[in-house]
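Here's a quick briefing to read alongside the model. It covers a charged pair, the enclosed spaces and one helix.

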Amino acid sequence: MPIVTFLRTNAPFLAAGVLLTFCSSFGQTFFISIFAGEIRAAFDLSNGDWGFLYSVSTTASAAVMVWTGILTDTFRVRVLGPVVLACLAGACLLMATAQGWWSLAIAIFALRFFGQGMATLVATVAMARWFVASRGTALSISRIGIGLGEAFLPLIFVAALTGGDWHILWFVAAGIVCLFVPLLWPLLRLERTPRSIAKEDQGAGMGGRHWTRGAMLRHPLYWLLTPMLMAPPAFSTAFFFHQVHLAETKGWAHLGLVSIFPIFTAAAFIAMFVSGPIIDRTGTSRLMPLVILPMAAGFAGFAFAPTLWAAGGCIALLGLTQGLNNTVPPAFWAEFYGTRNLGGIKALAAAVMVFGTAIGPALTGALIDLGVPFERQLLGIAAYFVAAALLVRVGIARSRGSLPPQVDVERA
């Protein structure tokens, strides 16, 4: 199906995915970390203290995600979507009014759970269920939302911080999310299960089965994938989380560093839109081991980047992995484990990734407090990425033969 026809035919469903992923930006580290300097000053926190508090709150959100994520197997998106966005708006209000470290921790938990966690999960599960033959393309289009957030929200809010109070900006964030809630209902009023996935056996995974979470956990493939699943969220989160510190150690202006973030977004867009059709044609098994290698090269480059011009090339490599990570793993779960229990399986994978976002800032923040600047940590991070990619290659090579033949389905 030509892309223009695909967009026109499925516009309401794709727009719902874009809207949800855009709103998830307010619970993503790249947005929360904009206020790191102001938060540490207001609550008298060191880099390590801030990283630890962020880690604990994010870990708690990951733990809750394991159980609440299965709601996507029970409730429709037209029910869950507006509820999640309303709760996300409430989380922004909590952040604006936080008075002590305990209320700050609750606010971070709510932002991470409803933003990065549930808003993203609802969007990706919806795309994976609503589309089969065009699943990769649909996932890539839905992630435009978070790309727009990465490109423009840091620039807008960092500029606003120069002359505004950070508490007020969180009220603004809550207002933006509230504006989107009523837009979601008309987009989803015709929510459907497309003809291409009406027969459940079309969405079976390895061995022709619809895997449960328990069965997945007993299979070695999942555990070989886990280091890779944690890598991008852990250390891209750490990168954005410590952006103020990184700019200081490099001798760059914070606004100057933020100004190259659109390069990250552009590279992510390119990777998403190139990978989507490839997934539709060839599946995910060949792509999964390659997903994190560009980010490995980008982190290694950042360790030596002397100027923002050089940093621009490095952040483009980070963006390539971000784009691939937005499309390949979500399609992988449906392809290898089936679609019947996809919400629960994806919730567990999402919890692992959210847990990674907790580990990254805490670990790197502790090392910073011990006198190891973030830029000196980057080579070790790059080596971890390469090792994780090798484990993925081994796991998929052992499991790919059990995939069922690709079913010729009508494009949704």
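K250 sits at 16% relative accessibility, under the 20% cut-off, so it counts as buried. Its salt-bridge partner is E375, and at 19% relative accessibility E375 counts as buried too. Keep in mind that this is a predicted model.

**The salt bridge**

- The closest N and O atoms of K250 and E375 are 3.0 Å apart.
- The count for the structure comes to 1 salt bridge.
- This pair ties together distant parts of the chain, with K250 in helix α13 (residues 243–250) and E375 in helix α19 (residues 374–399), 125 residues apart.
- As general background, side chains of opposite charge can pair when their charged atoms come close.

**The largest cavity**

- How many cavities of 30 Å³ or more turn up in a search of the whole structure? The search finds 2.
- The largest cavity holds about 440 Å³ of space.
- It is lined by 27 residues, and those closest to its centre are Q28, Q116, P233, Q322 and N326.
- Six helices, listed here, each give two or more residues to this lining: α3 (29–32), α7 (101–130), α9 (144–161), α12 (220–241), α17 (308–337) and α18 (342–369).
- Which element gives the most to the lining of the largest cavity? That's α17, with 6 residues.
- By class, the lining of the largest cavity splits into 13 nonpolar, 11 polar and 3 charged residues.

**The second largest cavity**

- About 50 Å³ of space lies in the second largest cavity.
- Its lining is made up of A36, R40, N47, W50, F241, H242, V244 and H245.
- Helices α4 (36–43), α5 (47–68) and α13 each give two or more residues to that lining; α13 is also the helix that holds K250 of the salt bridge.
- Sorted by class, the lining of the second largest cavity has 4 nonpolar, 3 polar and 1 charged residues.

**Helix α9**

- Helix α9, which gives two or more residues to the lining of the largest cavity, bends by about 30 degrees at F152.
- A proline, P154, follows F152 within four residues.
- With 18 residues at 1.5 Å a residue, α9 should span 26 Å, so the 25 Å between its end C-alpha atoms agrees with that.
- Which residues of α9 are buried? They are G145, I146, G147, G149, E150, A151, L153, P154, F157, V158 and L161.
- P154, the proline that follows the bend, is thus listed among the buried residues.

Conventions
Residues numbered from 1 in each chain as written. Predicted model: local features only at pLDDT ≥ 70, side-chain atom pairs only at ≥ 80, totals over all residues. Heavy atoms only, no water. Salt bridge = Lys/Arg side-chain N within 4 Å of Asp/Glu carboxyl O. Buried < 20%, exposed > 50% of the residue type's maximum accessible area, 1.4 Å probe, protein only. 1 Å grid on protein atoms, 1.4 Å probe; cavity = no way out; pocket = protein on both sides within 12 Å on 5 of 7 lines; lining within 4 Å. Points joined across faces, edges and corners; volume = space filled by probe spheres on them. Nonpolar A, V, L, I, M, F, W, Y, C, P; charged D, E, K, R; others polar. Expected span 1.5 Å × (residues − 1). Bend = angle between axes of the 7 residues up to and from the residue.
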